[in-house]
2 protein chains.
Amino acid sequence: MTDRDWQQWMIATGTRARAAARALARSPTETKRAGLLAAAMAIRGAADVILAANADDLARAEAAGLSGAMLDRLRLDPARLEGVAAGVEAVAGLDDPVGSVIDRRERPNGLALTRVRVPVGVLGIIFESRPNVTADAGALAVMAGNAAILRGGSEAIGTNRAMHAALATGLGEAGLPADSVQLVETTDRAAVGAMLGAAGLIDLIIPRGGKSLVARVQAEARVPVLAHLDGLNHTYIHAAADPAKAEALAVNAKLRRTGVCGATETLLIDRAFPEPARIVAALADKGCEVRGDAQVQALDRRVVAVEETDWDTEYLDAVLSVGFVGGLDAAIAHVERHGSHHTDAIVTEDAAAAERFLAEVDSAIVMWNASTQFADGGEFGLGAEIGIATGRLHARGPVALEGLTTYKWQVRGTGQTRP
Amino acid sequence: MTDRDWQQWMIATGTRARAAARALARSPTETKRAGLLAAAMAIRGAADVILAANADDLARAEAAGLSGAMLDRLRLDPARLEGVAAGVEAVAGLDDPVGSVIDRRERPNGLALTRVRVPVGVLGIIFESRPNVTADAGALAVMAGNAAILRGGSEAIGTNRAMHAALATGLGEAGLPADSVQLVETTDRAAVGAMLGAAGLIDLIIPRGGKSLVARVQAEARVPVLAHLDGLNHTYIHAAADPAKAEALAVNAKLRRTGVCGATETLLIDRAFPEPARIVAALADKGCEVRGDAQVQALDRRVVAVEETDWDTEYLDAVLSVGFVGGLDAAIAHVERHGSHHTDAIVTEDAAAAERFLAEVDSAIVMWNASTQFADGGEFGLGAEIGIATGRLHARGPVALEGLTTYKWQVRGTGQTRP
């Protein structure tokens, strides 16, 4: 297909999505709930078909030599598929943000103004191998009243088709539009380019995948993007930190799961903190590679030398940069210089120091005496999340249903004209 | 200067702005207020200098053959300059959104979550001839805790320099950073390109000017843009409209000021509305050129033939497209097809019809029995506005201080680790 063909395809796909979005925006909460509950049942009912398609995808992927980690992301089994269905049901149980009133005011001339949440419109969701995204992201989009155009990875195309068919069946049973969630049926990468250029047809692009995908989307998109790029998170152990809490938090923040975006990648220890060796030893005992300068190396013979680039490296692995800092200001300055404005934490019993850190560190999530691994929509009580946004506009941090809405102003008058 | 020189210039300018933004984000409300009040006094104190610079700009512009309308936008006089100073004082009187709590929640594990408003960061404001924008936009940016980089039109460069010097003097007297508001001193258009590409240095670009400026910014920017493109607004006279209100609203919505973005450009009249000729006559009597099809022309001999392109034309003049529609659904469909999602109004005494219009028309502002000319931040009680946004994300409709903020999540714990 030529570029022009792709544009035509995008116009046709986007026009269908816009029509579906208009209908979804008017759909009552109960209809959206019914559609998602039916979709969950349809996914369960289609388990054999979905798992067979997944087995085919896996066989192709193995033959193509995909890595074990990628195969694991691609693989579904009955328990994982039940998790997908239960996840769709959980979204159906969330509060519907559409129609909720943000604020009201009455003007001296009698005009009554109300700001009301409405869906964003059409979401373009571009993801890689995990086939659960078809159901997760589709369900979140629909519950917030949006139509979605999903473009999954080519390695999962069979699984995605089967999952999408079940989802669409369920939504249709509740009377929601057939085009509420469309799956891009081609694996041609040009489809992604067409989506990224679809201003006026797609209102928001959400990439879910590795850094190279997100970077391509951010570089090319002519449509607003809600994305998470880096999670270069810090935990700062202040002079007045409780040593036992500091040890537990440092170990959990780094090692609970090393591959998640909320993992701590740099540990800053105040020179005045009395037990730095205890922290480093606890990490090394748990198998973490600790990198530090000569002063940190002096604490524990297992510490290896840190390079200047380590302070800017998101390891996503059992590796941690550890550095001493001369106090709160130096810690804040280090985070400002090297952080990615995702999640940063202070450990201290000094409330004034903590409040300064919470006020002055300019990250989407700032924490006091808590593990950075809590950076997650579910842990924040938002229900499922579509992702964590590291940009500054529209939505920041965990993005759930509210982040998939915008608002409009309703003005009610009695014939007022403007003088 | 080469492209690379411009990049270097942008990095230097942006780095100064980021440092100022950090300081401004921490500045208490009273400091920001004091800075703006001092700036207003400094503008008054520099009136002779500013007016002399403006006279020079005007002489150059006249010699260059600028149109009367452009010269009027460029012109300052003592009354207009006092208006600028008073506007800066008015911004100082607005509620400071920074630090306000959007919501709080406590998790079962004891984590306390708070969402708090924080400044966006660094704003890039690109505007054309009106020199008051230097003070207006600079004041709004600072009050919301943001640094600003202002790039005005070349025809106003002398006025802008004098106005900016006064503004900076005032801000400095209150101890705010010298780089809180920077004025781009060059008139080279390449500076705009450098600003549009300054991802990581500028957080938000706000173009204020005509359509060609806004279109260029939207096409080229690699930074999020908050902009107003078209105001193709509709007023729909429903079957159950009160004829006297309908007449007054149609005349005001179109003719109060024809050049503002809230002006109505298309009037839809329900076939069941009993007095369409009265509306058309009132408009024509006031000097409005009415364009319509044969049925509309049959109402009044002054009506001229409408072309298909008229339904998509923002006249910004005393010209109005008038069409009959077969009911509420047809009116909503017309607005959906031809509107620009800015401001659309229904005139009716039927509350159910009005509520459907308010719910289903997907525009930033929807109105019932009110003139579309009320689409204005001041009229909405927001104080000064930086503009009206027609995009769907972050902020919609009139954008004032709140739209120049974002939020962060503060998490307060007592040592919680994630299981």
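Here are some notes on this predicted model, covering chain A as a whole and then a few local contacts in both chains.

1. **Overall build of chain A.** Secondary structure first: chain A has 14 helices and 16 strands. Its radius of gyration comes out at 24 Å, close to the 22 Å from the globule rule for 419 residues, so chain A is as compact as a globular protein of that length. If you want a box for it, the C-alpha atoms fill roughly 70 × 65 × 40 Å along the principal axes.

2. **Domains.** The domain assignment splits chain A into domain 1 (3–226 + 398–410) and domain 2 (233–374). Note that domain 1 is written as two segments, 3–226 and 398–410. Between the C-alpha centres of domain 1 and domain 2 of chain A there are 36 Å.

3. **Burial and surface.** How much of chain A is buried? Of its 419 residues, 56% fall in that class. The exposed surface of chain A is about 15,400 Å², with carbon and sulfur atoms supplying 52% of it. As for contacts, take those in chain A between residues at least 6 apart in sequence: 73% of them join residues at least 24 apart.

4. **A look around A:Leu268.** This residue sits in strand E8 (residues 264–270) of chain A, and at 0% relative accessibility it counts as buried. Setting aside residues up to four places away in sequence, A:Leu268 touches A:His234, A:Thr235, A:Tyr236, A:Ile237, A:Gly323, A:Val325, A:Ala331, A:His334 and A:Val335. One of these, A:Val325, is 57 residues from A:Leu268 along the chain, yet their C-alpha atoms are separated by 6.4 Å.

5. **The view from A:Thr235.** A:Thr235 belongs to strand E7 (residues 233–237) of chain A and is buried as well, with a relative accessible area of 2%. Beyond its neighbours within four places in sequence, its contacts include A:Thr264, A:Thr266, A:Leu267 and A:Leu268. Also on the list are A:Ala253, A:Ala345, A:Val347 and A:Thr372.

6. **Aromatics.** The whole structure has 8 aromatic pairs over all chains. One of them is A:Tyr407 with A:Trp409, in an edge-to-face arrangement with 6.3 Å centre to centre and 85° between the planes. The label fits, because edge-to-face asks for planes over 60 degrees apart. Both rings belong to buried residues: A:Tyr407 has a relative accessible area of 10%, and A:Trp409 is at 2%. There is also a cluster with members from both chains, made up of A:Phe380, B:Tyr407 and B:Trp409.

7. **Salt bridges, and a buried one to check.** Over all chains, the search turns up 62 salt bridges. In chain B, the side chains of B:Asp96 and B:Lys32 meet at 2.8 Å, N to O. This pair links distant parts of the chain, 64 residues apart: B:Asp96 is in the loop between helix H5 (78–92) and strand E1 (101–106), while B:Lys32 is in helix H2 (residues 29–45). Buried or exposed? Both B:Asp96 and B:Lys32 are buried.

8. **A second long-range bridge.** B:Lys245 and B:Glu349 pair through their side chains at 3.0 Å, N to O. Why does this pair tie together parts that are 104 residues apart in sequence? Because B:Lys245 is in helix H10 (residues 243–255) of chain B, whereas B:Glu349 is in the loop between strand E12 (343–347) and helix H14 (351–360) of chain B. Both ends are partly exposed, with relative accessible areas of 22% for B:Lys245 and 44% for B:Glu349.

9. **A bridge with both ends partly exposed, then a network.** B:Glu275 and B:Arg278 form a salt bridge at 3.3 Å, N to O. B:Glu275 is partly exposed at 31% relative accessibility, and B:Arg278 is too, at 33%. Elsewhere, salt bridges that share partners join A:Arg26, B:Asp329, B:Arg356 and B:Glu360 into one network. That network has members from chain A and chain B.

Conventions. Residues numbered from 1 in each chain as written. Chains lettered and ligands numbered in written order. Predicted model: local features only at pLDDT ≥ 70, side-chain atom pairs only at ≥ 80, totals over all residues. Heavy atoms only, no water. Salt bridge = Lys/Arg side-chain N within 4 Å of Asp/Glu carboxyl O. Helix = DSSP H or I, 4+ residues; strand = E, 2+ residues; numbered from the N terminus. Buried < 20%, exposed > 50% of the residue type's maximum accessible area, 1.4 Å probe, protein only. Domains from an automatic or database assignment. Rg over C-alpha atoms; globule rule 2.2 N^0.38 Å. Contact = heavy atoms within 4.5 Å. Areas by Shrake-Rupley, 256 points an atom, 1.4 Å probe, with all protein chains shown as cover. Phe/Tyr/Trp six-rings, centres within 6.5 Å; stacked < 30°, edge-to-face > 60°.
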